[in-house]
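Grab a pencil and keep the 3D view open. Below are a few exercises, each with a solution worked out in steps.

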Amino acid sequence: MAPEVDIDLRATAEAWLADDPDPASRAELRELIDALPATAAELRDRFAGPLTFGTAGLRGRLRAGPNGMNLAVVTRAAAGLVNWLAAQGGQGPLVIGFDARHGSREFAEQTARVATGAGREALLMPGVLPTPVLAYAVRALDAVAGVMVTASHNPPQDNGYKVYLGAALGGPAGTGAQIVPPADAGIEHAIRAVASLDAVRLGDAGTVLDQETIDGYVRSAAAVLTTNGPRDLAVAYTPLHGVGGETLVKAFAAAGFDAPAVVADQAEPDPEFPTVAFPNPEEPGAMDHLVALAETTAADLAIANDPDADRCAVAIPSAAGWRPLRGDELGVLLADHLIRRGVTGTYATTIVSSSLLGRLCAARGVPYAETLTGFKWIVRAAEELAFGYEEALGYCVAPAMVRDKDGITAALTVAELAAGLKAEGRTLGDRLDELAVEFGVHATDQLSVRVEDLSEIGAAMTRARNAPPATLLGTPVSEVLDRLPENDVLTFRTPTARVVIRPSGTEPKLKAYLEVVEPVGDGDVTAARSRASARLTALRAEIAAVLGV
């Protein structure tokens with residue numbers, strides 16, 4: 001590397017260091033600067049550009065520099081946010097929540113100080129709490145906006161910063177929902193306009209909320225269920241080292257269920273997530289401890305939340321042992337249950353989720369909507385939203401309470417469904433079979449490719465665009481839909497198969513969402529599922545070849 005490049009890099013890093021309010025980050029950066037040129041590649045990565053507002057905010061690795069999550073970046077983000085709120089004329093407090101990840105409490109407290117320093121009331125959650133509690137509080141406290149410090153189910157070295165808007169700026173369908181364009185771009189512009197952190201005035205620590213807000217969430221969650229339904233159900237549960245455990249147990253008690261058996265070595269919040277490779281219930285092995293507990297306790301149902309408890313995963317017993325339900329399976333079970341309960345309004349999902357929900361809604365005569373990926377779009381599908389879900393284990397069963405995915409109310413609702421079926425001598429598996437007989441087996445899977453070099457994702461998308469498949473599983477492709485330039489999404493479809501390909505919005509992954517539909521003409525659901533599984537395996541191989549992965 002040329003010496004003059006090192007000089008430029010050193011000057012850039014020194015300027016950032018001089019403005020960094022965190023002694024630990026300054027020491028980390030000083031060590032890298034002093035080790036130049038050996039650390040040039042690392043410093044280049046840290047200064048490649050600032051974190052930008054993506055899916056409802058910031059998310060990145062905990063490290064010093066503009067391309068990381070640290071106190072300096074959070075201070076700039078908070079200052080940009082409160083300046084943008086003021087420019088929009090938004091009135092009301094800013095409510096702030098945080099999970100148990102490294103740095104979360106400090107980032108939340110700094111956000112409160114930035115808000116009060118700008119003359120805005122800041123309401124800080126009293127401790128580590130689930131993301132849906134923050135989303136609930138934005139609505140319940142009539143806040144102008146909310147901030148949740150969390151990286152959800154990302155690896156331990158990450159953290160993030162999600163922004164929600166209140167009624168004044170979010171509109172009726174977006175009250176308490178994650179931000180969408182153009183708000184994200186406006187906040188991003190306001191962040192970049194923060195010239196120096198020396199100019200950011202810090203106020204007091206704000207007001208720490210009392211227990212009433214959390215109790216209000218628990219009462220509202222329990223009220224989502226019918227009051228006179230069966231409650232005889234044995235549940236095994238894990239919060240996966242996250243912050244959902246205490247709130248979920250309280251919600252189950254308030255709804256009349258017995259306390260779930262909780263996986264002991266995953267019960268308490270732990271930012272290292274020591275028992276799982278990735279703290280995401282979708283990942284292989286993440287639910288192994290839960291399934292073991294479900295077996296030893298003879299549970300009827302096994303439930304997992306991700307670390308910030310906005311997602312819900314479920315496993316059920318079967319003849320072959322416990323099996324996790326796919327997000328699409330649980331999504332249609334919840335929708336069918338709510339429709340049967342008479343919950344009116346629009347039922348929504350995304351372009352990458354199963355097509356079964358659309359068929360179910362058509363057959364039941366209820367409104368249906370399909371959106372781009374992300375809950376920020378799902379909850380805006382209709383002002384009178386009844387239910388929304390995404391295949392990545394996100395479910396909104398009570399939009400008037402939480403206008404976002406909520407793993408705790410989803411867990412309560414699936415428990416209500418399972419208890420009702422148990423009282424009839426039936427199971428969730430039985431209900432899935434009944435839906436399969438009526439509509440065919442809609443089998444879904446995902447080809448997910450994690451990369452170190454983000455350019456690999458763009459290259460794979462280019463290959464798929466330049467050489468799209470002419471057939472899927474031997475049937476000519478009847479539709480090719482390319483959503484560029486608005487969205488980097490490709491869809492290939494035949495009468496009985498569909499593939500949707502897109503980069504992940506939150507992780508360095510390329511994702512292909514696969515679906516096949518297999519009729520159950522003879523009533524033999526097991527045989528139809530077997531045929532569908534074989535077709536999914538073949539489809540996965542075909543798409544891997546198209547993408548070159």
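**Exercise 1. Strands side by side**

In which sense do strand 17 and strand 23 (residues 509-518) pair, and over how many bridges?

Solution. Keep in mind that you're looking at a predicted model.

- Step 1: Put the two strands next to each other. Strand 17 and strand 23 run in the antiparallel sense, and they pair over 10 bridges.
- Step 2: Pick out one bridge. Start from H442, and you'll find V517 as its bridge partner in strand 23.
- Step 3: Zoom out to the sheet. This is an open sheet of 5 strands, ordered 17-23-22-21-20, with antiparallel pairing.
- Step 4: Look for the edges. Strand 17 (441-450) and strand 20 (479-482) are the edge strands, since each pairs on one side only.
- Step 5: Check the twist, which averages 10° from one strand to the next.

**Exercise 2. One residue of strand 23**

Is E518 buried or exposed?

Solution.

- Step 1: Locate the residue: E518 sits in strand 23.
- Step 2: Compare with the cut-off. Buried means under 20% relative accessible area. E518 has 11% relative accessibility, so E518 counts as buried.
- Step 3: Now find F439. E518 and F439 are 79 residues apart along the chain, with 9.1 Å between their C-alpha atoms.

**Exercise 3. A strand on the inside**

How many residues of strand 4 (residues 145-149) are buried?

Solution.

- Step 1: Go through the strand residue by residue. The count comes to 5 of the 5 residues, so strand 4 is largely enclosed by the rest of the structure.
- Step 2: Sort the residues by direction. In a regular strand, side chains alternate between the two faces of the sheet. Here A145, V147 and V149 point one way, G146 and M148 point the other way, and all are buried.
- Step 3: Meet strand 2 (residues 94-98). Strand 2 pairs with strand 4 in the parallel sense over 5 bridges, and F98 has V149 as its bridge partner in strand 4.
- Step 4: Now try strand 5 (residues 158-165). Strand 5 and strand 4 pair in the antiparallel sense over 5 bridges, with Y164 of strand 5 standing opposite G146.

**Exercise 4. Rings in pairs**

Why does the pair of F252 and F257 count as tilted?

Solution.

- Step 1: Know what to look for. The distance of the centres and the angle of the planes describe a pair of aromatic rings. The structure holds 6 aromatic pairs.
- Step 2: Take the values for F252 and F257. Their ring centres are 5.4 Å apart and their planes stand at 45°, so the pair is tilted.
- Step 3: Check the surroundings. F252 counts as buried at 1% relative accessibility, and F257 is buried too, at 5%.
- Step 4: Try another pair. F387 and Y389 are stacked, with 6.2 Å from centre to centre and 25° between the planes.
- Step 5: Follow the links. Ring pairs join Y347, F387, Y389 and Y395 into a cluster. F387 is buried with a relative accessible area of 0%, and Y389 is buried with 1%.

**Exercise 5. Empty space**

How many cavities of 30 Å³ or more does a search of the whole structure find?

Solution.

- Step 1: Count them: the search finds 1 cavity of 30 Å³ or more.
- Step 2: Read off the volume. The largest cavity has about 50 Å³.
- Step 3: Look at the lining, which includes D99, R101, H241, F273 and P307.
- Step 4: Sort the lining by type. You get 5 nonpolar, 2 polar and 3 charged residues.

Notes. Residues are numbered from 1 along each chain as its sequence is written. This is a predicted model: local features need pLDDT of at least 70, side-chain atom pairs count only at pLDDT 80 or more; totals for chains, interfaces and linings use all residues. Side-chain values use heavy atoms; hydrogens and water are left out. Two strands pair if DSSP finds at least two bridges between them. Helices (H or I, at least four residues) and strands (E, at least two) are DSSP runs, numbered from the N terminus. Axes are lines fitted to C-alpha atoms, for helices over the stretch in contact, and angles run from 0 to 180 degrees between N-to-C directions. On a 1 Å grid over the protein atoms alone, a cavity is a set of points where a 1.4 Å probe fits but cannot get out, and a pocket is an open set with protein on both sides within 12 Å along at least five of seven lines; lining residues have an atom within 4 Å of a point. Grid points are joined across faces, edges and corners, and a volume is the space filled by probe spheres set on the points. Ala, Val, Leu, Ile, Met, Phe, Trp, Tyr, Cys and Pro count as nonpolar, Asp, Glu, Lys and Arg as charged, and the others, Gly among them, as polar. Rings of Phe, Tyr and Trp (its six-membered ring) pair if their centres lie within 6.5 Å; planes under 30 degrees apart count as stacked, over 60 as edge-to-face and the rest as tilted. Buried means under 20% relative accessible area, exposed over 50%, partly exposed in between (1.4 Å probe, protein chains only).
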